[in-house]
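Please walk through this structure with me, beginning where two chains meet and ending at a ligand.

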Amino acid sequence: MSTLTKQTKIGSLIDFPAKGFEAARSQAKEAFEIQGLPGTKTEEYKFTAITKKLEQQLNDVTMAEPFEVTPDMVNSNLFKGFDGDVLVFANGHFQANVSSQIEGIEISLLSNNSDTPIGKIAKPEKDVFCAINQATFTGGLFISIPKKIQLEKTILFMNFTKISAGQVIQPRIWIEAGDFAEATFIEQAINLTDVTFFVNKVVEIKGGHNTHLHYYRLQNEGSNAIEVSNIETDIQQDSTFSSVVISLSGEMVRNNLSLNLLGSNSEGNMYGLYLLNGKTHVDNHTNVDHTIPHAESNELYKGILADHSRGVFNGKIFVRQDAQKTNAFQQNNNILLSEDAVVNTKPQLEIWADDVKCSHGCTTGQLDEEALFYLQTRGIGKQQAKGLLLYAFAGEVLEHIKHEAFKTYCTQLVEDRLGAKL
Amino acid sequence: MLSIKNLHASIEGTPILRGINLEIKAGEVHAIMGPNGSGKSTLASVLAGREEYEVTDGEVIFNGKDLLEYSPEDRAREGVFLAFQYPVEIPGVSSTNFLRTAVNQVREYRGLDPLDAVKFLTLMKEKMKLVEIDQKLLSRSLNEGFSGGEKKRNEIFQMAMLEPKLSILDETDSGLDIDALKIVSNGVNQLKSKDNATIVVTHYQRLLDYIVPDYVHVLYKGRIVKSGTKELALELEEKGYDWIKEAVDSEATV
Ligand SMILES: Nc1ncnc2c1ncn2[C@@H]1O[C@H](COP(=O)(O)OP(=O)(O)OP(=O)(O)O)[C@@H](O)[C@H]1O
Ligand SMILES: [Mg+2]
């Protein structure tokens, strides 16, 4: 398996020389050898033929170097109403010179924090792309929010991409937040390229007791982005973590999001909205691990699919034997606007405790014709009525964005898309 | 105002309406009664423009216009209003936004300026009184979690907002207790004028004590098989439909 894997363009990356974290690197290489790249028979990638896609689309696989980002580029790309701090990346490499100085927290290159236990949260054994990133990323970003620091300003990760065809970007971020820390992160990508590229991202988030974190992502980098992300967080006692992922474009996108509920009275929330058209393929694999009693998880992913697009949702909920009094909810709802659009949705509940409240449901259907007719009989034009219904459907996810300006921005993007496409 | 001639309609190839003839003049109230499944809601839906029903024959002229040529939204803008037998719940669409969109699209079609937020709210408050609908209901998603009675009241409230020329009330009385029935009827009566007309579809003569019809028609097997005045409703209440069914069915076998 391994030699074959290395013969692939993407597999050859594993030999890319990267400094520091020797133990973690070799552990990751081993994990790579054992797993190999996903093929048609790999259960976890059954509907997302990422290896094939990468082999077809990437010509000459090399790591992308950083490039110069100017303050102007940063300012002109800020969404309206944003008044927080910005951390800038160029092809995945942190650019301190154009990033905000944020008081009270520590921000530095991950490579300068060599005792960071990378790979202990997002484990390379769980996903081969996570392993590739761990074995070969360079630079990386380290963020530490000390105890009792409640960041009033949101941190925006602004990821600029400018590369030649076939290049690979491997961002890696480690975030640790002390007890009682609170912070909101927004992730946004600005693509300055019109060739196909591959982003392989890993974010590990380590929370303390009573920490409260929000993590928002907007995936809208155009139809030539191939992306795999592994975002994983440990959630301790009395803490909350909430994620909202809005996916609007991409050639093939795979989001692995995992929440580990490790302390009682902890709460993990995952929300997602995907509006897909053309041949966009978006796959959300989520995982929530209830390890202790009295924790709660909520999950709602919704999709609207047009043209030849494809959506995949796989939601694992694992409730361990000790995790009594767990509340776990999961929903995935999809509307297909075209006969050629496809959704594969699969809830995967594994419940070993007996005193739990778990519910899950998934639906895939067309726009509700009854509702459409009802609106029309009140004098509302068909297109507008469709827009109202689709927007109402999507709005249930957008509601979970607690950052007002970002919510307004996403709402506008969604409205534009729903208005334009019908 | 409305002239229906020899209207035939079917769904998925099954004929449901089989030659309806009906003339309605401005200012009139017509009641349509009939056993379950006779085609009353189908007639209402065909008039409102539901696409699942295929009109296979006949014509419908509304204020000189060929109604069947119009889309559902344009029929509404021309002044046709259908109060649904089963109003649809629409999660995520706020009642107020929905109504404002509707009112302004109808106004635009009629060549009127859109109402701004203040004027719209004033109009809404005025019409809310008419059907004694609670503000709280309207701050929720459209019909979502409304009780049966609240939904029916909301239908009449929407009718009041849109000021139609022809209102078709499909069993708006079903499931209402007597107080709610009085409120709803009172609303309908206040909206009545010499320039508009109302069709009330009902199973119960009770409603007709409050909304007094000029004519009562009995629909059976997709045809109007008997027409009369409000006394016909009393007779139906007393004797049921069997005598009419028998008369029609024996005729059909001859
Ligand atoms: N979507 C449909 N598909 C197939 N048949 C239908 C459909 N809608 C209505 N029908 C049939 O058409 C006939 C007339 O139905 P309709 O709802 O118009 O009756 P109604 O007079 O309104 O009855 P009710 O008093 O119960 O409201 C019934 O036999 C019904 O089963
Ligand atoms: Mg009916």
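Across the interface of chain B and chain A there are 3 salt bridges, a salt bridge being a side-chain nitrogen of Lys or Arg within 4 Å of a carboxyl oxygen of Asp or Glu. One of them joins Glu370(A) to Arg50(B), whose closest N and O atoms are 2.6 Å apart. This is a predicted model, in which local features need pLDDT of at least 70 and side-chain atom pairs count only at pLDDT 80 or more, while totals for chains, interfaces and linings use all residues. Residues are numbered from 1 along each chain as its sequence is written, chains are lettered from A and ligands numbered from 1 in the order in which they are written, and side-chain values use heavy atoms, with hydrogens and water left out.

In the wider interface, 30 residues of chain B are in contact (heavy atoms within 4.5 Å) with 16 residues of chain A. The area buried between the two chains, that is, the accessible area (1.4 Å probe) that two parts lose on being put together, summed over both, is about 1,900 Å², and carbon and sulfur atoms give 62% of it. On the side of chain B, Arg50(B), Glu73(B) and Val88(B) lose the most area to chain A, together 24% of what that side buries.

Turning to ligand 1, we find 14 residues around it, each with a heavy atom within 4 Å, and Asn36(B), Lys40(B), Ser41(B), Thr42(B) and His203(B) are the closest. A polar side-chain atom of Lys40(B) lies 2.8 Å from an oxygen atom of ligand 1, and for Glu171(B) the corresponding distance to an oxygen atom of ligand 1 is 3.4 Å.

Terms used
Polar contact = N/O pair within 3.5 Å; in protein donor to acceptor, adjacent residues only side chain to side chain.
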